[in-house]
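Please look over the sequence and the model shown here before reading on. The report that accompanies them moves from the whole chain to single residues.

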Amino acid sequence: MTKNEIALAPNAALLVIDVQKGFDDASYWGPRNNPAAEANIAALMDAWQETGRPVVLVRHASRTAGSVLAADHPGHAFKDFVTDRAGQETLLVTKTVNSSFYGTPDLAEWLTAQGIGQLVVSGIQTNMCVETTARMAGNLGYDVLVPLDATHTFDLAGPDGAGLTADELATATAVNLHGGGFARVVATAELLAASASPARLTA
């Protein structure tokens, strides 16, 4: 096996992060990228369930006043396509910060108990909770795959009038994770092929 060649483990866990209805509120978040994100996440969830691999749903309960992701707001709910695919065996983690490893129940503890060492990290937002979770997972020693096309984010303003578009932020995340050695950035189609076949996935 070469340095950049990996096998998709039989028990690789799919993390679906913060795919909640509140993110559909364009007046709150602004312009987004990658309109195919939801379809790709759904395809991954279907493939994971068909092959018996574990799925972890992560939901954000914002503490920010007026947030559309607050626990008492309708936007806190998962998008319908996620709810429709959630099985009884699906683990649900609730968090109030960016990293899925700081939530309830304890994600790392659950992964250890299940003997899981490989994670596929998808969801919203690419440069926020997806990237933070992937970075922490890499630091904790997990083999991390991030299908960038199964994530999306929004334009973001920075200091002194600076800002980046959603696509620019997604590119930065890909460079940070892949170039920085935290994770391997791949495509949904590659993961779908690898999930259905013992063939190795090249990243």
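What follows describes a predicted model, beginning with the chain as a whole and then turning to one strand, some of its partners and a few unusual places in the backbone.

## The chain as a whole

The chain holds 7 helices and 12 strands, and its C-alpha atoms fill a box of roughly 45 × 35 × 30 Å along the principal axes. For 203 residues, a compact globule would have a radius of gyration near 17 Å, and because the chain has 16 Å, the two values agree. Buried residues account for 47% of the 203 residues. When contacts with a separation of 6 or more are considered, 76% of them are between residues 24 or more positions apart.

The accessible surface of the chain comes to about 9200 Å², and 54% of this surface belongs to carbon and sulfur atoms. As for charge, there are 12 positive and 21 negative side chains, and the centres of these two sets lie 4 Å apart.

## Strand β2 and its two partners

Is strand β2 largely enclosed by the rest of the structure or largely open? In strand β2, which covers residues 13-17, 5 of the 5 residues are buried, so the strand is largely enclosed by the rest of the structure. In a regular strand the side chains alternate between the two faces of the sheet. In β2 both faces are covered, with Ala 13, Leu 15 and Ile 17 buried on one side and Leu 14 and Val 16 buried on the other.

Strand β2 is joined by 5 bridges to strand β6 (residues 118-124), and these two strands run parallel. Strand β2 is also joined by 4 bridges to strand β3 (residues 55-60), and this pair runs parallel too. Leu 15 takes part in both pairings, since its bridge partner in β6 is Val 121, while its bridge partner in β3 is Val 56.

## Residues seen one at a time

Val 16 belongs to strand β2, and because its relative accessibility is 1%, it counts as buried. Apart from neighbours within four places in sequence, Val 16 is in contact with Ile 41, Met 45, Val 55, Val 56, Leu 57, Val 58 and Ser 122. Val 16 and Ala 113, which are 97 residues apart in sequence, are 20 Å apart in space from C-alpha to C-alpha.

Val 120 is found in strand β6 and is buried, with a relative accessible area of 0%. Residues up to four places away in sequence being left out, Val 120 touches Leu 8, Ala 13, Leu 14, Leu 15, Trp 48, Leu 145, Pro 147 and Leu 191. The C-alpha atoms of Val 120 and Val 144 are separated by 6.0 Å, although these residues are 24 residues apart along the chain.

Asn 40 lies in helix α2, which covers residues 37-50. Its relative accessibility is 18%, and Asn 40 therefore counts as buried, given that the cut-off for buried is under 20%. Leaving aside neighbours within four places in sequence, Asn 40 is in contact with Asp 149, Ala 150 and Thr 188.

## Unusual places in the backbone

Most residues other than glycine have a negative phi, and most peptide bonds are trans. Against that background, the table gathers two peptide bonds that are cis and two residues with a positive phi.

| Place | Feature | Angle |
|---|---|---|
| Thr 104 and Pro 105 | cis peptide bond | omega about -5° |
| Ile 124 and Gln 125 | cis peptide bond | omega about -10° |
| Asp 18 | positive phi, not a glycine | phi about 55° |
| Asp 160 | positive phi, not a glycine | phi about 55° |

Pro 105 has its place in the loop between β5 (103-104) and α4 (107-114), and Gln 125 has its place in the loop between β6 and α5 (126-139).

Asp 18 is in the loop between β2 and α1 (26-29), whereas Asp 160 is in the loop between β9 (156-157) and β10 (163-164). Which of the opposite words, buried or exposed, applies to Asp 18, and which to Asp 160? Asp 18 has a relative accessible area of 1% and is therefore buried, while Asp 160, at 84% relative accessibility, counts as exposed.

Key. Residues are numbered from 1 along each chain as its sequence is written. This is a predicted model: local features need pLDDT of at least 70, side-chain atom pairs count only at pLDDT 80 or more; totals for chains, interfaces and linings use all residues. Side-chain values use heavy atoms; hydrogens and water are left out. Buried means under 20% relative accessible area, exposed over 50%, partly exposed in between (1.4 Å probe, protein chains only). Two strands pair if DSSP finds at least two bridges between them. The radius of gyration is taken over C-alpha atoms; the globule rule is 2.2 Å times the number of residues to the power 0.38. Contact means heavy atoms within 4.5 Å. Accessible areas come from the Shrake-Rupley method with a 1.4 Å probe; for residues, only the protein chains shown count as cover. Lys and Arg count as positive and Asp and Glu as negative; His and the chain ends are not counted. The place of a charge is taken as NZ of Lys, CZ of Arg, CG of Asp or CD of Glu.
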